[in-house]
Amino acid sequence: MGAERKGSGISEERDRSENKEWDHPLKCQKNKHLTMSFPDHSSQLGAGPDLKNIEVMLNHSELFRAECKGLILETDKAWRRMQNDDKKRLDQRVRDIQFLIKELELKLEEVILETDALITLQSSVVKALEGTKEPLRVTVLCLEERMKRVPAERVEDEVERELLKEQEVLKGVASLLERTVEQMSEQIRLNRSAKYHLEKDLKEKSEAQHIDNSCVVMTTHSIGNLQLSTTKSTGLPSLTVTPIQWENISDINIAKAEHQKTNSQSMRALVQSILEQTAADMQKQFQATTTAFETHIQEIKSAKSQMEEKLPESLSEISSQERLREDLQVAITENEHSLNLAKTRLAMRLQRPGKEQCYDLAQAQLLTEIQHLTSHIKKLREETAQSQEQQRALVRCKLRLEEDVDMKASSLYIDEVICTQLREPVRTHTF
């Protein structure tokens with residue numbers, strides 16, 4: 001009966017320990033202290049075997065072993081449960097990061113596509129801006145050529161008014177397109193800024209995902225090498241971010257990117273409308289000026305026949321000199337473009353880092369090229385000036401030879417020959 005009571009007491013003690021005392025592993029230390037605090041009478045000198053004390057010692061030892069086994073089981077369950085909870089939390093965290101990564105990647109792709117579309121449209125605007133230079137140059141040349149008419153013919157006729165209006169339209173279009181290019185450059189900068197923050201956020205999210213994925217698959221047997229690599233860590237950063245703040249960071253970046261994308265789309269629609277309208281305005285005014293030229297030419301056409309009959313050689317040489325000057329001007333333009341390219345390359349190479357500022361063969365070649373091109377351009381301009389002088393001499397010779405050429409002939413030559421030839425290659429395009 002005594003043994004049954006003792007066994008029952010051990011079982012009850014074990015049940016109480018499982019339900020109350022072993023919720024935390026540290027409680028084992030307190031019970032251990034209690035179980036080991038009984039008196040040991042068996043060690044007293046001159047005393048015989050004390051069966052009662054021995055029985056108590058055995059019971060306490062059995063109870064202590066049972067408690068320790070219970071503690072072992074409880075701690076095993078606890079760490080397994082906690083590791084399982086850790087894995088669930090980490091898995092959820094990885095899924096949250098993956099969701100934000102998908103959102104960031106989608107928005108990044110949209111911003112990139114929109115920026116590319118804006119850059120493409122900007123190139124069209126730049127081409128349109130470049131396209132105004134030649135018509136404006138021709139218009140100015142026509143005005144200058146018409147100023148060469150004899151004083152009696154130098155009146156403000158319909159052609160003069162249309163040329164002045166055409167000059168005003170072309171300058172206005174060029175100014176508008178220049179402002180448009182600047183605004184588009186600023187919008188492209190804003191788009192790239194939004195792209196930078198998206199890429200930065202995406203990179204950090206990817207790194208965090210990689211780390212959390214590593215934490216998910218990490219076990220107690222796989223942390224040896226990791227511990228060696230993290231012993232030099234400087235510790236956690238002093239600034240912490242709450243989950244709401246963490247999510248808001250990406251939301252803000254996405255919202256800013258969406259805002260810039262919307263602005264960019266609106267700008268593209270506006271710019272496309274500007275391109276269409278400016279092309280239509282230039283075409284309309286160009287056609288009006290051409291019509292004015294044609295009408296004015298028909299009014300003074302009778303004087304042209306006398307000049308063509310009497311001085312064909314002079315006119316032929318004048319035309320040849322005109323074509324020669326055009327060829328020289330083309331050559332000058334091509335050489336100037338090459339010179340600008342060489343200077344731009346040289347300027348860009350000056351932006352190399354300090355230790356890369358090497359006077360290499362490429363640098364020497366660029367300097368030599370600039371020197372040669374400058375010399376070529378100077379020579380071509382001298383030849384152009386000489387060609388102009390030769391043309392003026394031919395005109396003076398022609399005027400001396402043809403005393404019967406009246407004032408209308410001179411006006412007809414300027415309007416129909418020079419101005420028409422200058423305007424003939426001009427084309428307005430819709431970009």
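# A briefing on an all-helix chain

Let's start in the interior: the largest nonpolar core has 18 residues, and Val-125, Leu-177, Met-184, Val-271 and Leu-275 are the ones that touch the most other members. Helix 3 (51-146), helix 4 (158-217) and helix 6 each supply at least two residues of this core. Helix 4 gives the most, with seven residues. Keep in mind that this is a predicted model. The points below walk you through the chain, topic by topic.

**The overall picture**

- The protein chain contains ten helices and zero strands.
- If you read along the sequence, the pattern is α-α-α-α-α-α-α-α-α-α.
- Of the 431 residues in the chain, 31% are buried.
- Among contacts with a separation of 6 or more, 86% join residues that are 24 or more positions apart.

**Two nonpolar cores**

- In soluble globular proteins, nonpolar side chains tend to be buried together.
- Val-271, one of the residues that touch the most other members of the largest core, is in contact with Leu-121, Val-125, Thr-180 and Met-184, leaving out residues up to four places away in sequence.
- Apart from the largest core lies another one, of 17 residues, which includes Val-138, Cys-142, Ile-418 and Cys-419.

**Cysteines without a bond**

- A disulfide is a covalent bond between the sulfur atoms of two cysteines.
- How many disulfides does the count give? It comes to zero.
- Cys-419 is in no disulfide, and the nearest cysteine sulfur, that of Cys-142, lies 3.8 Å away. A disulfide needs the two sulfur atoms within 2.5 Å, so this pair does not qualify.
- Cys-419 counts as buried because its relative accessibility is 0%, and buried means under 20%.

**Ala-257 and Leu-270: two residues of helix 6**

- Ala-257 lies in helix 6, and so does Leu-270.
- Is Ala-257 buried or exposed? Ala-257 is buried, because its relative accessible area is 1%, under the 20% limit.
- Ala-257 touches Lys-107, Val-111, Ala-194 and Leu-198, again not counting residues up to four places away in sequence.
- Along the chain, Ala-257 and Ala-194 are 63 residues apart, yet their C-alpha atoms are 5.1 Å apart in space.
- Leu-270 is exposed, because its relative accessible area of 52% is over the 50% limit.
- From Leu-270 to Thr-180 there are 90 residues in sequence and 9.7 Å in space, C-alpha to C-alpha.

**Thr-289, a buried residue with a polar partner**

- Thr-289 is found in helix 6, which covers residues 243-299.
- With a relative accessible area of 0%, Thr-289 is buried.
- Which side chain makes a polar contact with the side chain of Thr-289? The partner is Glu-166, at 3.2 Å.
- Setting aside residues up to four places away in sequence, Thr-289 touches Glu-162, Leu-163, Glu-166 and Arg-423.

**Arg-146, a buried arginine**

- Arg-146 lies in helix 3.
- This arginine is buried, because its relative accessible area is 0%, under the limit of 20%.
- The side chains of Arg-146 and Glu-160 are joined by a polar contact of 2.8 Å.
- Beyond its neighbours within four places in sequence, Arg-146 is in contact with Arg-154, Asp-157, Val-159, Glu-160, Leu-163, Phe-293, His-296, Ile-414, Asp-415 and Cys-419.
- One of those contacts, Cys-419, also belongs to the core of 17 residues.

**Empty space inside**

- Rolling a probe the size of a water molecule over the atoms shows where empty space is left.
- There are two cavities of 30 Å³ or more, and the largest cavity holds about 50 Å³ of space.
- Which residues line the largest cavity? They are Pro-135, Glu-166, Val-169, Leu-170, Met-282, Gln-285, Phe-286 and Thr-428.
- Helix 4 and helix 6 each supply at least two residues of this lining.
- Glu-166, part of the lining, is also the polar partner of Thr-289.

**An exposed residue of helix 4**

- Glu-168 has its place in helix 4.
- Glu-168 is exposed, because its relative accessible area of 59% is over 50%.
- Glu-168 and Leu-136 are 32 residues apart along the chain, with 9.2 Å between their C-alpha atoms.

Methods
Residues are numbered from 1 along each chain as its sequence is written. This is a predicted model: local features need pLDDT of at least 70, side-chain atom pairs count only at pLDDT 80 or more; totals for chains, interfaces and linings use all residues. Side-chain values use heavy atoms; hydrogens and water are left out. Helices (H or I, at least four residues) and strands (E, at least two) are DSSP runs, numbered from the N terminus. Buried means under 20% relative accessible area, exposed over 50%, partly exposed in between (1.4 Å probe, protein chains only). A polar contact is a pair of N or O atoms within 3.5 Å; within protein, one must be able to donate a hydrogen and the other to accept it, and residues adjacent in sequence count only if both atoms are side-chain atoms. Contact means heavy atoms within 4.5 Å. A nonpolar core is a set of buried Ala, Val, Leu, Ile, Met, Phe, Trp, Tyr and Cys residues joined through side-chain atoms within 4.5 Å. On a 1 Å grid over the protein atoms alone, a cavity is a set of points where a 1.4 Å probe fits but cannot get out, and a pocket is an open set with protein on both sides within 12 Å along at least five of seven lines; lining residues have an atom within 4 Å of a point. Grid points are joined across faces, edges and corners, and a volume is the space filled by probe spheres set on the points.
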